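Here is a short set of exercises to work through with the model open beside you. Try each task before you read its solution.

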Amino acid sequence: MAFLTIRRLRVGTALGLFLAVSAPALAQEAKPADEGQAAQVQFDVSAVDTFAGAFLAARTADNDYDYETAIKLYRTALKFEPGNVEVRERLMVSLFMNGNFDDGVVEATRLKDDPAVERIAVIALGIDAIRNKKFADAYQMLKYNGPNELDRMVNTLLIAWGQFGEGKSKEALATIETMKGPDWYSVFRNYSAGMIALAAGDLDMARRKLNDTIANRDEGSAASDTYMRAVVALAGLEARAGNKQKALDAIAIGEAFAPGYVPLQAFHKQIDAGVKPEVPITNATEGAASVLFSVGGALNQSLSNSPDRQGAQDIVSFYLVTSHALAPKDADTSVLLGGLAESLDQPERAIRWYKQVGPNSPLRRISELQLGLNLAATGKVDDARKHLKAAIAADPKDIRGYVAYGSLLSDNKEYEEMAKVYDKAVEVIGPVTKRSDWSVFFQRGIAYERLKKWSEAEPSFKKALQLYPDQPQVLNYLGYSWVDMNIHLDEGLNMIRKAVDLRPDDGYIVDSLGWAYFRLNRFDDAVGELERAVELKASDATINDHLGDAYWRVGRKLEAIFQWRTALEMKPEEAEIPKIQKKIKEGLPPIEAIAVPKSEPVTRAVAVAQADPVKQPAVKPADAQKQQTEEAPAQPAGADDTGVKPTDAGATSPADQSHTVVKGDSLWNIAREILGDGHRFREIIDLNPELRRYPDRLQPGQLLKLPATKN
């Protein structure tokens, strides 16, 4: 419940703080990496000689998250109109987003009474007051009794750390203890109280509060960075007190919660070696930084699968860059900011953040690997290659180095070298494998499949599935490959169906099922799945192209042409453009005129989950020559002479029942469990039109109208 509640607050806070200032960013759709990169062009700010030119260019840079250029242009605009409040608001936000905290505070001082940005200005000024030990000023600035629960919690925790800075640790703990709010406050309340008590030397209170933090796994799952910091703090407390076994017990809880968490692994080695770690937070500035990191990390975590991720990243950036300003040596914050920059297609900014991770940090290795991948994203592929090869040479037993280098090779379609790299990784893993090794075998399978060496690819896919039997991407890839080769058809189709059941909201996997149906001549089934895939991943060219093909085969020719045109607008791969253009002009050829050669897979964006942030190649099987491999159309009954099939009258039942959304619900699951057929999710959307724009954005407590259950 906490995860979704925090997510709801995040959106509200982002709107409250930034809507007036960054509305264009909130309205933008996510861009593909190449498009985002293209937006970062060299711009001669000195050539701008009008207010309108400077302001409009600044807005464009701002929307593209090119904050450095935006800052220069907003300042240029202010030279023409020094009193323009809107420009100054945008300048302040851009300064904070770019990490220029001190300059942002200067603008915040001017804007603290501006209602459009009052909350962000006041928080920044309050944090600056704590940093400068002006605690009385901080109290006055941070007092907040407004309706926003997240703002109220953040401000209260910052005030408590200010009280600690004045030497009033008991008052600080009382401030936290009396803080009223929803259940999800608990992980932040207990952790902050534990850290204040620890810094004040009250070990019994610290032990109790930190134990309370890690005992609540459900709430901790919504703020995993904070949860793991509590584990480390408790283990460190016990180690310093001479309770080594209790320290190891705390670490075991953390390892069960987040297997492979790199900082905890390094900390475990320290405890084993008898090292007594330092107290992690000792002053009010570090404490305030920890509050901002905890909230920023939790919001960033909640954004990972959110459809409005790009629009709400401003608030996450604000919390994290402000935390970094207070604790610039904190590696956790730098790595999170690097990842955030990557998600905004800002590799140069990501590189700058990763470079700030110190040489002795346990996160140094991850930051170095991510730095190498971002070098490639800036076009410096040779530099990236050298960097990642050096990383492998520095620690040839670390599998993450091979995964990172394999990702670069996959992006460059260097499949021979990619296969060799993953062969070496498998050799390093050795005969004793573990569940987390599935991705290495999966990527090796992809490399060999791209090399058309199926006899070597298939065993790797099967090994990945043996290690992780319910891994949806492996099920999807292997199942589709079998269907595409016309072998193991029933087993392959069942694998894809299982992948869809495991990830019903993954547009790429749903597309695989739809396209498998298409390849098997089941065109009506294909349409149903591909329509859902488009709803889930509306901006993908290949999925829209697939839906166009399916529409054509069921006689919905005008809709087919519309989907093909939509696919063209989405910048498909170069090789696909003439094929789509030909279909728009001529349609699909008759079935009897088509040969059926074996199709080849093409790259598709699919994330590969793992314990740390090292990227992996994004791939999914699809057909490269689909217009040459299609089966015959059957003119559907009821189609008019335009080829468009009329909508069946009364296809959607009137609302006959309702359902209250609970945590974990999706439209597919609701339709499957209550209506008996996941495909009926479209009927739910028809009865609840507010879902049409974001069908996967459900909130606990939301009441949905449902159609009648069919007998």
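**Exercise 1. Annotated repeats**

Task: For residues 507-540, find how much of the chain is helix and how much is strand, and how far apart the end C-alpha atoms are. Then do likewise for residues 541-574.

Solution. Keep in mind that this is a predicted model.
- Step 1: Residues 507-540 are 79% helix and 0% strand.
- Step 2: The C-alpha atoms at the two ends of 507-540 are 9 Å apart.
- Step 3: For residues 541-574, the helix share is 76% and the strand share is 0%, with 12 Å between the end C-alpha atoms.
- Step 4: Turn to the record. An unreviewed UniProt entry gives the feature "repeat: TPR" at 507-540 and 541-574, and also at 438-471.

**Exercise 2. The chain as a whole**

Task: How many helices and strands does the chain have, and what percentage of its residues is buried?

Solution.
- Step 1: Counting the elements gives 35 helices and two strands.
- Step 2: Of the 711 residues, 57% are buried.
- Step 3: Now look at the surface. The accessible area of the chain is about 30200 Å², and carbon and sulfur atoms hold 51% of that area.
- Step 4: Finish with the contacts. Among those with a separation of 6 or more, 63% join residues 24 or more positions apart.

**Exercise 3. Two positive phi angles**

Task: Tyr 65 and Lys 452 each have a positive phi. Where does Tyr 65 lie, where does Lys 452 lie, and is each one buried or exposed?

Solution.
- Step 1: Recall the background. Most residues other than glycine have a negative phi.
- Step 2: Tyr 65 is not a glycine, yet its phi is about 60°. For Lys 452, also not a glycine, phi is about 65°.
- Step 3: Place each residue. The loop between α3 (51-63) and α4 (67-80) holds Tyr 65, while Lys 452 belongs to the loop between α25 (438-450) and α26 (454-467).
- Step 4: Apply the cut-offs, under 20% for buried and over 50% for exposed. Tyr 65 has a relative accessibility of 2%, so it counts as buried. Lys 452 has 57%, so it is exposed.

**Exercise 4. The second largest pocket**

Task: Describe the second largest pocket. What is its volume, which residues are closest to its centre, and which helix gives the most to its lining?

Solution.
- Step 1: The second largest pocket encloses about 1300 Å³ of space.
- Step 2: Its lining has 35 residues, and those closest to the centre are Pro 280, Lys 329, Asp 330, Ala 331 and Asp 332.
- Step 3: Helices that each supply at least two lining residues are α11 (185-200), α14 (224-240), α16 (262-272), α17 (284-303), α18 (309-326) and α19 (331-343).
- Step 4: The most comes from α14, with six residues.
- Step 5: Sort the lining by class. There are 20 nonpolar, eight polar and seven charged residues.

**Exercise 5. Thr 333 in α19**

Task: Is Thr 333 buried or exposed, and which residues does it touch, leaving out those up to four places away in sequence?

Solution.
- Step 1: Find Thr 333 in helix α19.
- Step 2: Its relative accessibility is 0%, so Thr 333 counts as buried.
- Step 3: With sequence neighbours up to four places away left out, Thr 333 touches Phe 293, Leu 320, Ser 323 and His 324.

**Exercise 6. Ile 251 and Ala 252 in α15**

Task: What is the relative accessible area of Ile 251, and what is that of Ala 252? How far is the C-alpha atom of Val 231 from that of Ile 251, and from that of Ala 252?

Solution.
- Step 1: Ile 251 sits in helix α15 (residues 244-257), and Ala 252 is in α15 too.
- Step 2: Ile 251 has a relative accessible area of 0%, so it is buried. Ala 252 has 39%, so it is partly exposed.
- Step 3: From Val 231, the C-alpha separation is 6.4 Å to Ile 251, which is 20 residues away along the chain. To Ala 252, 21 residues away, the separation is 9.2 Å.
- Step 4: List the contacts of Ile 251, not counting residues up to four places away in sequence: Val 231, Ala 235, Leu 264, Phe 267, His 268 and Ile 271.

Technical notes. Residues are numbered from 1 along each chain as its sequence is written. This is a predicted model: local features need pLDDT of at least 70, side-chain atom pairs count only at pLDDT 80 or more; totals for chains, interfaces and linings use all residues. Side-chain values use heavy atoms; hydrogens and water are left out. On a 1 Å grid over the protein atoms alone, a cavity is a set of points where a 1.4 Å probe fits but cannot get out, and a pocket is an open set with protein on both sides within 12 Å along at least five of seven lines; lining residues have an atom within 4 Å of a point. Grid points are joined across faces, edges and corners, and a volume is the space filled by probe spheres set on the points. Helices (H or I, at least four residues) and strands (E, at least two) are DSSP runs, numbered from the N terminus. Ala, Val, Leu, Ile, Met, Phe, Trp, Tyr, Cys and Pro count as nonpolar, Asp, Glu, Lys and Arg as charged, and the others, Gly among them, as polar. UniProt positions are given in the numbering used here, feature names are shortened, and annotations may be inferred rather than shown by experiment. Buried means under 20% relative accessible area, exposed over 50%, partly exposed in between (1.4 Å probe, protein chains only). Contact means heavy atoms within 4.5 Å. Accessible areas come from the Shrake-Rupley method with a 1.4 Å probe; for residues, only the protein chains shown count as cover.
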